[in-house]
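Let's take a walk through this one, going strand by strand and looking at what sits beside the DNA. Have the viewer ready.

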Protein chains: 2
Amino acid sequence: MGHGVEPVVSGVFPADILNQDCPSRGVLRHLTDRWTPMIVTVLADGRRARFTELRRAIEGVSPKVLTETLRSMERDGLVGREVTPSIPPRVDYWLTELGASTVAPLAALREWAEQHVSVVEQNRERYDGSAASLGG
Amino acid sequence: MGHGVEPVVSGVFPADILNQDCPSRGVLRHLTDRWTPMIVTVLADGRRARFTELRRAIEGVSPKVLTETLRSMERDGLVGREVTPSIPPRVDYWLTELGASTVAPLAALREWAEQHVSVVEQNRERYDGSAASLGG
DNA sequence: CCGTATCCAAGGTGATACTG
DNA sequence: CAGTATCACCTTGGATACGG
């Protein structure tokens with residue numbers, strides 16, 4: 001907690017995230033980048049993986065974006081990176097302790113998504129249906 | 001669980017999210033839209049809020065984007081919306097039961113971000129520093 | 001008050017070819 | 001193998017003015 005002490009809505013004391021200038025907004029945003037949760041999923045439980053293993057495990061990611069995401073995660077201290085200068089070269093990635101601490105929260109979110117897909121899709125159909133019948 | 005049974009990386013059995021075509025990707029993405037976690041934060045604990053209250057509570061959000069985000073959350077069944085056709089009009093938002101089930105996972109993520117901002121920032125400085133000294 | 005309409009900037013993301 | 005370089009898209013998000 002942090003920057004304000006005034007309630008914004010009755011009974012709501014501002015989480016830092018609600019504060020315009022709080023850098024936690026950027027951190028959260030980063031943590032929820034398109035491929036970050038998937039990388040964390042693959043590297044959970046102390047697993048190491050090479051670049052191509054990650055690329056294969058995470059369907060649809062391009063090498064460019066995977067590199068960018070891994071770099072920024074490395075920069076933030078979420079993943080470690082080890083280069084073995086052999087031929088062919090070998091690079092391994094793993095979660096640091098800090099990165100490992102994101103596994104539980106990210107897994108919870110991922111599981112929520114996986115478990116509620118069908119309900120959400122039903123809700124969408126129902127909503128779109130009502131909208132259509134309003135128009136007709 | 002779902003679509004595949006083959007391990008992608010040794011010991012890694014694919015979560016649905018890793019599957020290219022799994023709609024849970026879209027759901028997760030949506031759940032982590034820029035303003036969704038903040039809306040959920042404000043509406044947690046069964047609180048209701050009017051449009052303008054949300055807008056004030058969530059610093060920096062524009063009316064257009066707030067509307068869009070609320071609409072899509074309503075479409076997915078995460079928030080309820082009640083219009084009171086008075087003058088001036090009054091519209092209330094709240095979390096549905098489904099929406100309320102996202103509070104815990106989203107709060108965990110938000111708290112992670114709020115609690116680790118400084119560490120992440122330190123890591124970034126260190127990383128950028130090493131990069132600079134490599135160049136010089 | 002609660003939005004919508006319009007226009008616009010930014011950058012996240014992607015496809016692909018190429019290099020050490 | 002492990003990326004980088006390049007180009008382009010196109011969605012997300014923002015500023016602002018206006019309408020019911």
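Before counting anything, a bit of bookkeeping: Ala, Val, Leu, Ile, Met, Phe, Trp, Tyr, Cys and Pro go in the nonpolar bin, Asp, Glu, Lys and Arg in the charged one, and the others, Gly among them, in the polar one. With that in hand, the surface near DNA strand C sorts into eight nonpolar, two polar and eight charged residues. Keep in mind that this is a predicted model.

Stay with strand C for a moment. It has 18 residues around it, and the closest are Lys64(A), Arg29(B), Thr52(B), Thr67(B) and Arg81(B). Of the strand C atoms that come within 4 Å of the protein, 66% are sugar or phosphate. If you want particular backbone contacts to click on, try Arg29(B), where a polar side-chain atom sits 2.8 Å from a phosphate oxygen of DNA strand C. Tyr93(B) has a polar side-chain atom 2.9 Å from a phosphate oxygen of this strand. From chain A, the side chain of Trp35(A) puts an N or O atom 3.1 Å from a phosphate oxygen of strand C. As for secondary structure, two or more residues of this surface come from each of α4 of chain A and α3 (51-57), α4 and β3 (90-95) of chain B.

Now over to DNA strand D. Here 19 residues surround the strand, with Arg50(A), Thr52(A), Thr67(A), Arg81(A) and Lys64(B) the closest. They break down into nine nonpolar, two polar and eight charged. Sugar or phosphate makes up 64% of the strand D atoms within 4 Å of the protein, and bases make up the rest.

Which elements each supply at least two residues of the surface near DNA strand D? They are α3 (51-57), α4 (63-76) and β3 (90-95) of chain A, plus α4 (63-75) of chain B. The top contributor is α4(A), which gives four residues. For phosphate contacts on strand D, Arg81(A) has a polar side-chain atom 2.5 Å from a phosphate oxygen, and for Tyr93(A) the corresponding distance is 2.8 Å. Arg29(A) is on the list too, with a side-chain N or O atom 3.4 Å from a phosphate oxygen of strand D.

One last stop, away from the DNA contacts: the cysteines. Cys22(A) is buried, at 7% relative accessible area, and Cys22(B) is buried too, at 6%. How many disulfides does a search of the whole structure find? The count over all chains is zero.

Methods:
Residues numbered from 1 in each chain as written. Chains lettered and ligands numbered in written order. Predicted model: local features only at pLDDT ≥ 70, side-chain atom pairs only at ≥ 80, totals over all residues. Heavy atoms only, no water. Disulfide = S-S within 2.5 Å. Buried < 20%, exposed > 50% of the residue type's maximum accessible area, 1.4 Å probe, protein only. Near = heavy atom within 4 Å. Polar contact = N/O pair within 3.5 Å; in protein donor to acceptor, adjacent residues only side chain to side chain.
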